[in-house]
Amino acid sequence: MDLSPNSLAFIALCNEFCFAVENVGDTTPADFVANMVRLLPRIYISASDLKPAMPLDEEEAYIESFLDEDYYESVRRQIELLLGPDDVYLEVFEEDMKYSDTPIGMSIAEGIADIFQVLYNFIVMVKDAPEEAVNSALVAVRDDFDSYWSQRVCNLMRPLNHLRSSVGRDDEDEDE
């Protein structure tokens with residue numbers, strides 16, 4: 001059994017994403033946002049095209065949890081500090097929104113940390129694993145993608161894109 005080129009590309013993208021998130025303290029807000037805007041759509045497309053190398057019952061597929069709560073919180077907080085007041089955005093695709101007359105504020109840092117948690121656990125699990133375990137993890141991450149984090153990626157793209165395009169305008173406004 002060989003992994004498909006898309007599965008290998010997905011693993012590489014997950015690794016690149018996790019590296020970028022783990023090293024958030026070494027970057028500028030503009031570079032971090034640009035990197036997320038570049039990586040998240042590619043991860044979304046790659047994840048949506050994942051197909052297991054061999055059939056597997058979804059109940060057999062799982063991803064162990066390697067990321068502890070302290071590390072998750074550390075990553076989330078670093079992103080929140082980097083983005084400052086730009087971390088919060090109004091979300092319209094939140095389930096509670098249909099019951100609310102007021103906008104619901106969401107955190108870019110929390111959304112990225114949630115995706116990071118899934119992809120970090122996936123990467124740790126597949127590193128040096130036999131292909132059968134990698135296939136199981138691919139099935140599980142695809143299932144998680146369908147049921148949870150695909151919407152999270154889409155929701156994050158709007159505020160990240162806004163930040164990416166407004167950073168250039170803010171710099172131009174300061175020059176004038």
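**Figure 1. Helix α1 in the predicted model, its span and its buried residues.** In this predicted model, the 18 residues of α1 should span 26 Å at 1.5 Å a residue, and this agrees with the end C-alpha atoms, which are 26 Å apart. The helix covers residues 5-22, and its buried residues are S7, F10, I11, L13, C14, F17, C18, A20 and V21. An α-helix has 3.6 residues a turn, so residues three or four places apart point the same way. That spacing can be followed along α1 in the buried residues F10, L13, F17 and A20, which are among those listed above.

**Figure 2. S7 and its surroundings.** S7 belongs to helix α1 and has a relative accessible area of 2%, so S7 is buried, the limit for that class being under 20%. Its side chain is joined to the side chain of S4 by a polar contact of 3.0 Å. When residues up to four places away in sequence are not counted, S7 touches L50, K51 and L138.

**Figure 3. The packing of α1 against α2.** The axes of α1 and α2 come within 10 Å and cross at roughly 155°. Because angles over 145 degrees fall in that class, α1 is roughly antiparallel to α2. The crossing in which α1 passes α2 is left-handed. On the α1 side, the residues that meet α2 are N6, A9, F10, L13, E16, F17, A20 and V21. Their partners in α2 are F32, N35, M36, R38, L39, L40, R42, I43, S46 and A47. Of the α1 residues named here, F10, L13, F17, A20 and V21 are among the buried residues of that helix.

**Figure 4. The packing of α1 against α4.** Here the axes of α1 and α4 come within 9 Å, and they cross at roughly 125°. An angle of that value lies outside the parallel, antiparallel and perpendicular ranges, and α1 and α4 are therefore oblique to each other. The crossing of these two helices is left-handed. From α1, the residues F10, I11, C14, N15, F17, C18, V21 and E22 take part, and they meet I112, I115, F116, L119, Y120, F122, I123 and V126 in α4. F10, F17 and V21 meet residues of α4, and F10, F17 and V21 also appear among the α1 residues that meet α2.

**Figure 5. Helix α4 from its cap to the residue that follows.** For α4, residues 108-126, the 19 residues should span 27 Å at 1.5 Å a residue, and the end C-alpha atoms are 27 Å apart, which agrees. The helix is mostly covered, with 16 of its 19 residues buried. At the N-terminal end, S107 caps α4 through a side-chain oxygen that lies 3.2 Å from the backbone nitrogen of A109. Beyond the helix comes D128, whose phi is positive.

**Figure 6. D128 in the loop after α4.** D128 is found in the loop between α4 and α5, the latter being residues 131-175. Most residues other than glycine have a negative phi. In D128, which is a residue other than glycine, phi is near 60° and thus positive. With a relative accessible area of 74%, D128 is exposed, since the limit for that class is over 50%.

**Figure 7. I63 and E64 in the loop between α2 and α3.** Both I63 and E64 are placed in the loop that runs between α2 and α3, where α2 is residues 29-48 and α3 is residues 69-83. The C-alpha atoms of I63 and V141 are 78 residues apart along the chain and are separated by 7.4 Å. Not counting residues up to four places away in sequence, I63 touches N121, F122, M125, A137, A140 and V141. E64 counts as partly exposed, at 37% relative accessibility. Leaving aside its neighbours within four places in sequence, E64 is in contact with N121 and M125, and these two residues also appear among those that I63 touches. The C-alpha atoms of E64 and V124, which are 60 residues apart along the chain, are separated by 8.9 Å.

**Figure 8. The whole chain, as context for the close-up views.** The chain holds five helices and two strands, and read along the sequence these follow the pattern α-α-α-β-β-α-α. Of its 176 residues, 40% count as buried. Among the contacts in the chain with a separation of 6 or more, 79% are accounted for by residues 24 or more positions apart.

Definitions and conventions: Residues are numbered from 1 along each chain as its sequence is written. This is a predicted model: local features need pLDDT of at least 70, side-chain atom pairs count only at pLDDT 80 or more; totals for chains, interfaces and linings use all residues. Side-chain values use heavy atoms; hydrogens and water are left out. Helices (H or I, at least four residues) and strands (E, at least two) are DSSP runs, numbered from the N terminus. The expected span of a helix is 1.5 Å times one less than its number of residues. Buried means under 20% relative accessible area, exposed over 50%, partly exposed in between (1.4 Å probe, protein chains only). A polar contact is a pair of N or O atoms within 3.5 Å; within protein, one must be able to donate a hydrogen and the other to accept it, and residues adjacent in sequence count only if both atoms are side-chain atoms. Axes are lines fitted to C-alpha atoms, for helices over the stretch in contact, and angles run from 0 to 180 degrees between N-to-C directions. Angles under 35 degrees count as roughly parallel, over 145 as roughly antiparallel, 65 to 115 as roughly perpendicular and the rest as oblique. A crossing is left-handed if the near helix is turned anticlockwise from the far one by less than a right angle, and right-handed if clockwise. Contact means heavy atoms within 4.5 Å.
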